[in-house]
Amino acid sequence: EKVQIKPINPQGEKFDPHRHQAISMLPSDQEANTVLTVLQVGYQLHDRVVRPALVTVSKGPDKR
């Protein structure tokens, strides 16, 4: 907080390639490109990303 480093924890948010790094895509009932799990929290300094959050993203519902 002292140097204004903020954590990036995007659980349940839409995938943003500028702030997140997708490790895998999984089938889910969630809307496509929604962050399902955060494997590693990211960090940003002011408005600049220092380390992106490592996440798994939903493919969307399986339509069989």
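1. The loop between E2 and E3 is a good place to begin, and Asn-33 is one of the residues found there. In this predicted model, the phi angle of Asn-33 is near 65 degrees, which is a positive value in a residue other than glycine. Asn-33 is partly exposed, because its relative accessible area is 37% and the partly exposed class runs between the buried limit of 20% and the exposed limit of 50%.

2. A second residue invites the same kind of check. His-46 is found in the loop between E4 and strand E5, the latter covering residues 48–51, and the phi angle of His-46 is near 60 degrees, again a positive value in a residue other than glycine. With a relative accessibility of 45%, His-46 counts as partly exposed.

3. Ser-28 also belongs to a loop, namely the one between strand E2 (20–27) and strand E3 (35–40). Is Ser-28 buried or exposed? Its relative accessibility is 17%, so Ser-28 counts as buried, given that the buried class takes in values under 20%. A polar atom of the Ser-28 side chain lies 3.0 Å from the backbone nitrogen of Gln-30. Leaving aside residues up to four places away in sequence, Ser-28 touches Leu-36, Ser-58, Gly-60 and Pro-61.

4. It helps to set these loops against the overall fold. The protein has six strands and zero helices, and when it is read along the sequence the pattern is β-β-β-β-β-β. The C-alpha trace spans about 50 × 15 × 15 Å along its principal axes. If one takes the contacts between residues at least 6 apart in sequence, 59% of them join residues that are at least 24 apart.

5. The next topic is burial and surface. The protein has 64 residues, of which 25% count as buried. About 4800 Å² is exposed by the protein, and carbon and sulfur atoms supply 51% of that area.

6. Which residues make up the largest nonpolar core? The core consists of five residues in all, and these are Ile-8, Val-35, Ala-53, Val-55 and Val-57. Strand E6 gives the most to this core, contributing three residues. As background for a student reader, nonpolar side chains in soluble globular proteins tend to be buried together.

7. Ala-53, a member of that core, lies in strand E6, which covers residues 53–60. Ala-53 is buried, since its relative accessible area is 0%. Not counting residues up to four places away in sequence, Ala-53 touches Ile-8, Pro-10, Arg-19, His-20, Gln-21, Gln-40, Val-41 and Gly-42. Ile-23 is 30 residues from Ala-53 along the chain, and the C-alpha atoms of these two residues are separated by 10.0 Å.

8. Val-55 is another member of the core, and its contacts can be listed in the same way. Leaving out residues up to four places away in sequence, the residues that Val-55 touches include Pro-10, Phe-15, His-20, Gln-21, Ala-22 and Ile-23, and also Val-35, Thr-37 and Leu-39. Val-35 is itself part of the core.

9. Nonpolar residues also appear on the surface. Val-3, Ile-5, Tyr-43, Leu-45 and Val-50 make a nonpolar surface patch of about 420 Å². Tyr-43 lies in strand E4, which covers residues 42–45, and at 34% relative accessibility Tyr-43 counts as partly exposed.

10. Charged pairs deserve a separate look. How many salt bridges does the structure hold? The structure holds two salt bridges. In one of them Arg-19 is paired with Glu-13, and the closest N and O atoms are 4.0 Å apart. Both partners count as partly exposed, with Arg-19 at 26% relative accessibility and Glu-13 at 37%.

11. The other salt bridge joins the side chains of Lys-14 and Glu-31, at 3.3 Å from N to O. Lys-14 lies in the loop between strand E1 (5–8) and E2, whereas Glu-31 lies in the loop between E2 and E3, so the pair ties together parts that are 17 residues apart in sequence. Lys-14 counts as partly exposed at 46% relative accessibility, while Glu-31 is exposed, with a relative accessible area of 55%. The loop that holds Glu-31 is also the one in which Asn-33 lies, which brings this note back to its starting point.

How values were computed:
Residues numbered from 1 in each chain as written. Predicted model: local features only at pLDDT ≥ 70, side-chain atom pairs only at ≥ 80, totals over all residues. Heavy atoms only, no water. Helix = DSSP H or I, 4+ residues; strand = E, 2+ residues; numbered from the N terminus. Buried < 20%, exposed > 50% of the residue type's maximum accessible area, 1.4 Å probe, protein only. Contact = heavy atoms within 4.5 Å. Core = buried A, V, L, I, M, F, W, Y, C linked by side-chain atoms within 4.5 Å. Patch = residues over 30% accessible without salt bridge, like charges linked within 9 Å, V, L, I, M, F, W, Y side chains within 5 Å. Areas by Shrake-Rupley, 256 points an atom, 1.4 Å probe, with all protein chains shown as cover. Polar contact = N/O pair within 3.5 Å; in protein donor to acceptor, adjacent residues only side chain to side chain.
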